Amino acid sequence: MRKPLFTVKTDALNADSVRTGETTVEFFQRQCAPRFVEYREWIEELFQDLPIEHCETFRGRLRSRDSAEFQAATFEMQLYRMLIRLGLDVEIEGDLPRTKKKIDFRVQNDRQSCFIEATVCGFGQGEFSDTDQEYDAITKLKKGLPNPHLDIWLKAEGHLKKHLSKSEIISPFKELLDRFTREEFEENSKLPWFYPEYILFEEKCKTEIRVGGWTLKGSLALPCSESGGQIHLPSRSGPADSSGPLLRSVQAKARHWSGTDLGQPFIVAVNNCHSEFHWDSDDASIKCALMGDPDAADHAIFQPALHRISGVIVVGNACMGAERGARVKLFRNGIKETPYFLHFLEEKQIFGNLLC
């Protein structure tokens, strides 16, 4: 057996959240929570199934400090597993004639073949996205105010690009809490604790921190428990368009290969990890991105910028263990040929079922 990806030390296992500066691999290999252990073992299995000559390249990518690179490499391993399970011959980054470029997969059966490029879009975008710096700031706040006498509801906008000191993040919220005892807050409350949104209309119950394009807003509410309050992790305002990252990601692949004559159908497989992405019943958001028309037919012609592409395999938000329930579907460019061995994907499938 080849060298494992994860080095698990049983004496260091715990269930802490992600630590500042920690890589995704480091996070998973110290986890003892069952769902993380199961995911870690599955990633290890995917890694061990790779051709031996590609293991070190994937090891480096998976151990990257860029969590998006971990997700991209994981998605490629998942695609490799899916294609192999379909009984296809799969070559990873094979040599191409008349170019030094490498393409992710050359895929074929005894009759047809195609090239597939994998990409991940929307990672770190959307309502639930944040940055390591924001995570560090919230961690400092929760540790600095471990037992507040009132609840603090947080709301974040934008992205924090610098690390804040303890005093920068704690002082405004300590001052906010000092404005009321629990009894005073309860007496002045116009609505009961189970409707905390009322505080949006009470300026004296709110505070905010602004750093560059990032804003953290805090609002007080009565806690559910008599023993004390808690700090609720930030929600994020303003759902973002999930079709934008999908289009930009596929466009980038089309542009990269625009000057190369591949001589075979060219497919892009994209994992849309945007936190706002969801499957419309009529695939409207995906058709809007690929065809420029949410009401387009399933085999409509792609937008001009995507003319180079024969088809796009869309996987819906398969990220960090959600692969089991993620959907996958092939969208074919109406003027291009795609191999028949992928046509079954024109009907939505469950991605996890294709990996087993």
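These are my notebook entries on what I looked up in this structure, which is a predicted model.

**Entry 1: helix α2**

I began with helix α2, which covers residues 34-48. I wanted to know what span its 15 residues should have. At 1.5 Å a residue they should span 21 Å, and the end C-alpha atoms are 21 Å apart, so the two values agree. The rule behind that sum takes one less than the number of residues, which I had to remind myself of.

Next I asked myself which residues of α2 are buried. My list reads Phe36, Val37, Tyr39, Arg40, Trp42, Ile43, Glu44, Leu46, Phe47 and Gln48. I noted with interest that charged residues are on it, including Arg40 and Glu44. What do the buried residues of α2 pack against? I found α1 (24-29), α3 (55-62) and α4 (67-85).

A reminder to myself about helices: with 3.6 residues a turn, residues three or four places apart point the same way.

**Entry 2: Gln78, a neighbour of α2**

I moved on to Gln78, which lies in helix α4. Is Gln78 buried or exposed? Its relative accessibility is 0%, so Gln78 counts as buried. I then looked up its contacts, leaving aside neighbours within four places in sequence. Gln78 touches Tyr39, Trp42 and Leu46, and these three are among the buried residues of α2. Its other contacts are Glu323, Phe351 and Leu355.

**Entry 3: aromatic rings**

I counted the aromatic pairs and got ten. The first pair I opened was Trp257 with Phe266: the ring centres are 6.3 Å apart and the planes stand at 55 degrees, so I wrote it down as tilted. Both Trp257 and Phe266 are buried.

Then I took Phe277 and Trp279, whose ring centres are 5.7 Å apart. Their planes meet at 75 degrees, and an angle over 60 counts as edge-to-face, so that is the label this pair gets. Phe277 is buried at 8% relative accessible area, and Trp279 is buried too, at 14%.

I also found that Phe27, Phe28, Phe36, Tyr39, Trp42 and Phe70 form one aromatic cluster. I recognised Phe36, Tyr39 and Trp42 from my list of buried α2 residues.

Two rings have a charge over them. The charged end of Arg61 sits over the ring of Phe58, 5.4 Å from the centre. Lys101 lies over the face of Trp257, at 5.3 Å from the ring centre.

**Entry 4: strands β1 and β2**

I followed strand β1, residues 89-92, one side chain at a time. Which way do they point? They alternate: Val90 and Ile92 point to one face and are buried, while Asp89 and Glu91 point to the other and are not.

β1 pairs with strand β2 (residues 105-108) in the antiparallel sense, over four bridges. I found Asp89 standing opposite Gln108 of β2.

**Entry 5: His54**

I found His54 in the loop between α2 and α3. With a relative accessible area of 14%, His54 is buried. Beyond its sequence neighbours within four places, His54 is in contact with Ile92 and Glu93, and I had already met Ile92 in β1. Out of curiosity I checked His54 against Ala284, 230 residues apart along the chain, and their C-alpha atoms are separated by 38 Å.

**Entry 6: salt bridges**

I started with the idea: side chains of opposite charge can pair when their charged atoms come close. How many salt bridges are there? My count is 19.

- Glu22 and Arg30 meet at 2.6 Å, N to O; Glu22 is buried at 15% relative accessibility, and Arg30 is buried at 6%.
- Arg106 and Glu91 meet at 3.1 Å, N to O. This pair links distant parts of the chain, since Arg106 is in β2 and Glu91 is in β1, 15 residues apart. Glu91 is partly exposed, with a relative accessible area of 36%.
- Lys140 pairs with Asp136, their closest N and O atoms being 3.1 Å apart. The two are four residues apart in helix α5 (residues 132-144), so about one helical turn separates them. Asp136 is buried, at 10% relative accessible area.

My last find was a network: salt bridges with shared partners join Asp283, Lys287, Asp298, Lys329 and Lys348.

Methods
Residues are numbered from 1 along each chain as its sequence is written. This is a predicted model: local features need pLDDT of at least 70, side-chain atom pairs count only at pLDDT 80 or more; totals for chains, interfaces and linings use all residues. Side-chain values use heavy atoms; hydrogens and water are left out. Rings of Phe, Tyr and Trp (its six-membered ring) pair if their centres lie within 6.5 Å; planes under 30 degrees apart count as stacked, over 60 as edge-to-face and the rest as tilted. Buried means under 20% relative accessible area, exposed over 50%, partly exposed in between (1.4 Å probe, protein chains only). A charge sits over a ring if NZ of Lys or CZ of Arg is within 6 Å of the ring centre and within 35 degrees of the ring normal. Contact means heavy atoms within 4.5 Å. Two strands pair if DSSP finds at least two bridges between them. A salt bridge is a side-chain nitrogen of Lys or Arg within 4 Å of a carboxyl oxygen of Asp or Glu.
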